[in-house]
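Please take the time to look through the sequence and the model side by side as you read. The paragraphs that follow begin with a single residue and then widen the view to helices and chains.

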Amino acid sequence: MNMAALLSFLHPMIVMVICGIWVLSILKSDYSELVKGGGGDAQVKGDNN
Amino acid sequence: MAVATFWIILILVIVTAFMVNRYVKSSSDYYVMGKKGETIGITGVLTASYLSAVTFVGIAGIEYLNGPPIFLICYGSWIGMVCGFIYVGRRLRAYGAITMPDYLQERFGTSVRIIATVILIVGLLGYGVVQLMGAGVLLSSVTGISYNIVIIVFAIALITFCAVAGMYSVVIVNTLLLATILVACFILAPIMIKLGGGFDGLTNGLMNIDPNFWSAGGRKFHMPTGWTVGQFVLWALFFPAAPWIAGMALPCKNDFVLMRAICWSTLITTVGVVTLFLGCSAMFLVNPNIAPADQVFIWACKNSVHPILGGLGIAGVMAAILSSGATIFMGAGFGLSRDLYERYIMSKGGTLDDRKKIVLARIAQVVVGVIVVIFALSKPLAIYWISAWAGALFATAWLPTLIAGFEYKKATRAGVIAGMLCGAGSYILLYQCVKKWKLFTLPFNLDPVIFGIIVSFVAILIVSSLGKAKEEDMAVYTRVKGIGLAEGTIQTMTRGEIVKEYLTTKTTAWVCIIVAVVVLGLLAIRIVPAVSG
């Protein structure tokens, strides 16, 4: 197996996967509870109206 | 064709800048587009800023002579861009910064901000001069117009479009220019691969000439493994602190725009750069005698495709040069006007209304432009030294300072100043000893910037541990740490809007992952077995 050739394609692929998973983890940690209807103390726009 | 493309692009850029000028009504509009940047605009400006002339000219030539792996393996700027945008940019945006030094003023006070801003301006000016001189040499040889005229005309276009509408014109113009970059990567590069014999040419064709075409060190350069590792680390650490990457998070309308923009930009730059470099390598099979080699892409545009497509390809190269130059000019100009002069006036008890701030920012852009043009035309010896250090200054001085600000509560002002000065100073000293004076070599051929970063972190830790952080600095750390990075977005959107944006962003992330895995996976399946064994 030519590792240099394999890494040439694996490297950019892994970067895109890391980026996507990072974004998905932010969505899960910071927004998923709000989206599900919870959200604890988080105050969305219009909550005071 | 090349001359017409040159003038059309410059006129388009200037006209567009004047057209968007009407949107600039406040200094916030000028500096960060009023924080109204949408996904397409931020994707455009981030991608176009990332892909500079270095990609289409310098590294493209290295790929042509050495084969695809030499830079595809060590292209650490991909992960650097992701970290710069999500880790650094997202924090700066959430903390309400208008420019990068804004955060340092809040966290560590005036002295740190001034030193960091001076380093920022010197680094950006050095980098800007390099970009402009590179553009001058390249476009002069392509168009036949003299170097001095190219420099002056190009700089006038850059100054105009940065000064007229600030971030507005940079985002909108770069988004328009992105179209030509996409043509270069996704239409022209595949045509270049086909001209070189398609996958068979890329694999068997290149391997028959020299098996080292598919080696990590390259066919011609035979670079050692230490160089590959060093280059990867260098770019991966340089980009997170590069103002033209993290700074592009500041105009984002909200957190979701920021996340979608980095997904699309990462997809375009990873798949696009791989395709581009495969195309440049394939051109060796079409003509192995292109000289200078770094004009391989332009040679292909002029000699191998339909003139209209070739013109678009050359426009893509110009777009890459213009977009990187613009974000660099803008960063230096903003540093001069907002982070030095405006702050100085305010510290003296003076006030500036919004109109004056915009005028000031425009004057700063012109000053920066004139300085860069003078350097680019006169080419003083010192500029070669400054330009050699320019990029590394961000990695050695800014990156450790930003990380200390985000993560190290007990970091003192003296500690971060020592970190910046020791990091930048040790890098410059090592660079001169190793690369200029050839006094010794570093272990594994690693780049001096890696040692500069280590020295900077060590200096921050040691000096901070010798003193005590100011209560006000630790209070800012605690307050800032307590700000949820999503809080600003949540407070400005209704629950319904959040749900919609959440689902769109989640879909975007998955689509980008799947497209990258499928496209790059198919390329790997098609190419790797054919060049193994």
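B:His222 is partly exposed, with 13 other C-beta atoms within 10 Å; here a residue is called buried if 20 or more other C-beta atoms lie within 10 Å of its own, exposed if 12 or fewer, and partly exposed in between, with C-beta atoms placed from the backbone. B:His222 sits in the loop between α10 (198-209) and α11 (225-238) of chain B, and although it is not a glycine, it has a positive phi of about 50 degrees. The helices and strands named here are DSSP runs, numbered from the N terminus, where a helix (H or I) has at least four residues and a strand (E) at least two.

Before going further, note that this is a predicted model, in which local features need pLDDT of at least 70 and side-chain atom pairs count only at pLDDT 80 or more, while totals for chains, interfaces and linings use all residues. Residues are numbered from 1 along each chain as its sequence is written, and chains are lettered from A and ligands numbered from 1 in the order in which they are written.

A positive phi in a residue that is not a glycine also occurs at B:Met33, where the value is about 60 degrees. B:Met33 belongs to the loop between α2 (27-32) and α3 (39-50) of chain B, and it counts as buried because it has 28 C-beta neighbours inside 10 Å. Another backbone detail is found in the loop between α13 and α14 (296-303) of chain B, which holds B:Pro292: the peptide bond that leads from B:Ala291 to B:Pro292 is cis, with omega near -5 degrees.

We can now turn to helix α8 (residues 110-143) of chain B. Its 34 residues should span 50 Å at 1.5 Å a residue, and this agrees with the 47 Å between its end C-alpha atoms; the expected span is 1.5 Å times one less than the number of residues. Because 25 of its 34 residues are buried, α8(B) is largely enclosed by the rest of the structure. Just after α8(B) comes B:Gly144, which takes a positive phi of about 85 degrees.

Which helices pack against α8(B), and at what angles? One is helix α7 (residues 100-108) of chain B, whose axis comes within 7 Å of that of α8(B) and crosses it at roughly 155 degrees. Axes are lines fitted to C-alpha atoms, for helices over the stretch in contact, and angles run from 0 to 180 degrees between N-to-C directions. α7(B) and α8(B) are therefore roughly antiparallel to each other, since angles over 145 degrees count as roughly antiparallel, under 35 as roughly parallel, 65 to 115 as roughly perpendicular and the rest as oblique. Their crossing is right-handed; a crossing is right-handed if the near helix is turned clockwise from the far one by less than a right angle, and left-handed if anticlockwise.

The other is helix α15 (residues 307-347) of chain B, which packs with α8(B) at an angle of about 155 degrees, with the two axes 9 Å apart. That makes α8(B) roughly antiparallel to α15(B). The residues of this contact divide into 15 nonpolar, seven polar and two charged, where Ala, Val, Leu, Ile, Met, Phe, Trp, Tyr, Cys and Pro count as nonpolar, Asp, Glu, Lys and Arg as charged, and the others, Gly among them, as polar. The crossing of α8(B) and α15(B) is left-handed.

A further pair in chain B is formed by helix α9 (residues 147-195) and helix α13 (residues 255-286), whose axes come within 7 Å and cross at roughly 30 degrees. That makes α9(B) roughly parallel to α13(B), and the crossing is left-handed. The residues of this contact divide into 13 nonpolar, three polar and no charged.

Residues that lie far along the chain can also meet, as B:Asp354 in helix α16 (residues 354-378) of chain B shows. The C-alpha atoms of B:Asp354 and B:Ser27 are separated by 5.6 Å, with their places 327 residues apart along the chain. B:Asp354 counts as partly exposed, with 13 C-beta neighbours inside 10 Å.

Finally, chain A contains one helix and zero strands, and 33% of its 49 residues count as buried. In the meeting of the two chains, 32 residues of chain A are in contact with 46 residues of chain B, contact being counted if the C-beta atoms of two residues, placed from the backbone, lie within 7 Å.
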